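The following report describes the salt bridges, a charged surface patch and the overall dimensions of one protein model.

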Amino acid sequence: MDTRRNSPEGRDIRYHLHGYTNARKHQESGPLVIEKGDGIYVEDVAGNRYIEAMAGLWSVAVGFSEKRLVDAATRQMSKLPYYHDFGSKSHSPLIDLAERLVQMAPVPMSKAYFTNSGSEANDTAMKMIWYRSNALGQPARKKIISRKRGYHGVTIAAASLTGLPNNHLSFDLPIANVLHTSTPHYWREAAPGESEEQFASRLAGDLEKLILAEGPETIAAFFGEPIMGAGGVIVPPVGYWEKIQSVLSKYDILLVADEVICGFGRTGEMFGSQTFGIRPDIMVLSKQISSSYLPISALLINEGVFEPIADESERIGTFGHGFTGGGHPVAAAVALENLKLIEERDLVGNARAVGAHLQARLRRLASHPLVGEVRGVGLIAAVELVADKAGKAPWGKPGALGAQVNGLLQQNGVISRNMGDAIAFCPPLIITEAQVDTLVDAVERSLAAALPQVRAQG
């Protein structure tokens, strides 16, 4: 790395505190500075080109440098560069996007509410749920259940919903009234001889026991990702969502589907809820809604959520919540054009077809000595690495092997991300089968390079 004081890397070290980064290690190693992007590729300041196998942060559906999105932003910036939705104000892109999203929803929805990120949207969902409970005369119904290894964001409430230790340690989280139930990871968590259906039944039983222990009258909602993303791309076992929904319905508990990663085609359906037969009361949308060209997120709420909230806003005189940039006209215009591209180019179909090829190619790695499990659906997948296949044990400190292979992948021209020892893949929805082959070939080379290092160190 160029360590000259005035290089981009040197200035980054001096002035920039990074998210999800070891700040001390960063002072030694410095950043990878990305200068431009095109299609599924990005390029750093040194001219090195990479397949962006994580679509940025699970999000650049239509690829980098899509001219139609740039043009949509330019047109809207010239016409109405900013407005808001406070006090019954609105604007055309926001109205069009709200209508489009409600009509796209896989189950009947009533209204769209706009925020700027998945974290903000999940925070807002929690506030709406509390507000609704009060409106219904159920002030005790405030507890929220999410899952261990689930990911719902990093604001105080959303990070509490998140079930990952590093999002809680030293932040004094989770806050009160947020509970966590079992992780639906069959390969890692199933008992010996337990079938997927039996495992799913046991997890539904765990959820019901938690509800009964806390008191059903105190539980307001359950938050879940159709496929767990940052927790390691955890695909639910057969029957899981059907059984979970049966428990929630029994106790009149709202279901919030966090579609921030799965939404808009990632699983080979428009929404992950369609892939897994989920019937949510609230849907949380972000990332691929605009391909992350601009920050925007949304909540879709059904009539059962909207009507009590509307009544309570009448009683109080307002719904006292909102964001300066929520439903920003430029972001909304970009989101609308992005959704047009996803439909016109059948990127959901591409995710289904090319995703099948990605899953098949990655599953051929299952016999590799360092691979414990390959999992995924559509264009989202993970390869979990182990030192001991039979015992599913890590190599040294958990996450060390994942970090090593992830570093080798970058050297081989692929940007991925390791969640512990799980290497994730979530490329732009425009990826082709030939590009998938290039990506997986790089994974194979990286595993081959890691194996002698692992064996040498024991």
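The side chains of Glu444 and Arg361 meet in a salt bridge, with 3.5 Å from N to O; a salt bridge here is a side-chain nitrogen of Lys or Arg within 4 Å of a carboxyl oxygen of Asp or Glu. This pair links distant parts of the chain, since Glu444 lies in helix H16 and Arg361 in helix H14, 83 residues apart. Helices (H or I, at least four residues) and strands (E, at least two) are DSSP runs, numbered from the N terminus. The model is a predicted one, in which local features need pLDDT of at least 70 and side-chain atom pairs count only at pLDDT 80 or more, while totals for chains, interfaces and linings use all residues. Residues are numbered from 1 along each chain as its sequence is written, and side-chain values use heavy atoms, with hydrogens and water left out.

**Salt bridges**

Arg361 also forms a salt bridge with Asp437, the closest N and O atoms being 2.9 Å apart. Because Asp437 belongs to helix H16 (residues 433-457) and Arg361 to helix H14 (residues 347-363), this pair ties together parts that are 76 residues apart in sequence. A salt bridge within a single helix is formed by Asp71 and Lys67, whose closest N and O atoms are 2.8 Å apart. These two residues are four apart in helix H4 (residues 67-79), so about one helical turn separates them. Shared partners join Arg68, Glu337, Lys340 and Glu344 into one network of salt bridges. The search of the whole structure finds 18 salt bridges.

The table lists the accessibility of the residues in the three pairs described above. Buried means under 20% relative accessible area, exposed over 50%, and partly exposed in between (1.4 Å probe, protein chains only).

| Residue | Relative accessible area | Class |
|---|---|---|
| Arg361 | 8% | buried |
| Asp437 | 24% | partly exposed |
| Glu444 | 34% | partly exposed |
| Asp71 | 27% | partly exposed |
| Lys67 | 57% | exposed |

**A negative surface patch**

Glu303, Glu307, Asp311 and Glu314 form a negative surface patch. Patches consist of residues with over 30% relative accessible area and no salt bridge, like charges being joined within 9 Å and nonpolar side chains (Val, Leu, Ile, Met, Phe, Trp, Tyr) within 5 Å. Lys and Arg count as positive and Asp and Glu as negative, whereas His and the chain ends are not counted. Within the patch, Glu307 is placed in helix H12 (residues 303-316) and is partly exposed at 36% relative accessibility.

**A buried loop glycine**

Gly378 sits in the loop between strand E11 (371-377) and strand E12 (380-385). With a relative accessible area of 10%, Gly378 is buried. Gly378 and Gln198 are 180 residues apart in sequence, and their C-alpha atoms are 25 Å apart in space.

**Overall dimensions**

The protein has 16 helices and 15 strands. Its C-alpha atoms fill a box of roughly 70 × 60 × 45 Å, taken along the principal axes. The radius of gyration is 22 Å, which agrees with the value near 23 Å for a compact globule of 458 residues; it is taken over C-alpha atoms, and the globule rule is 2.2 Å times the number of residues to the power 0.38. Of the 458 residues, 55% count as buried.

Conventions:
Accessible areas come from the Shrake-Rupley method with a 1.4 Å probe; for residues, only the protein chains shown count as cover. The place of a charge is taken as NZ of Lys, CZ of Arg, CG of Asp or CD of Glu.
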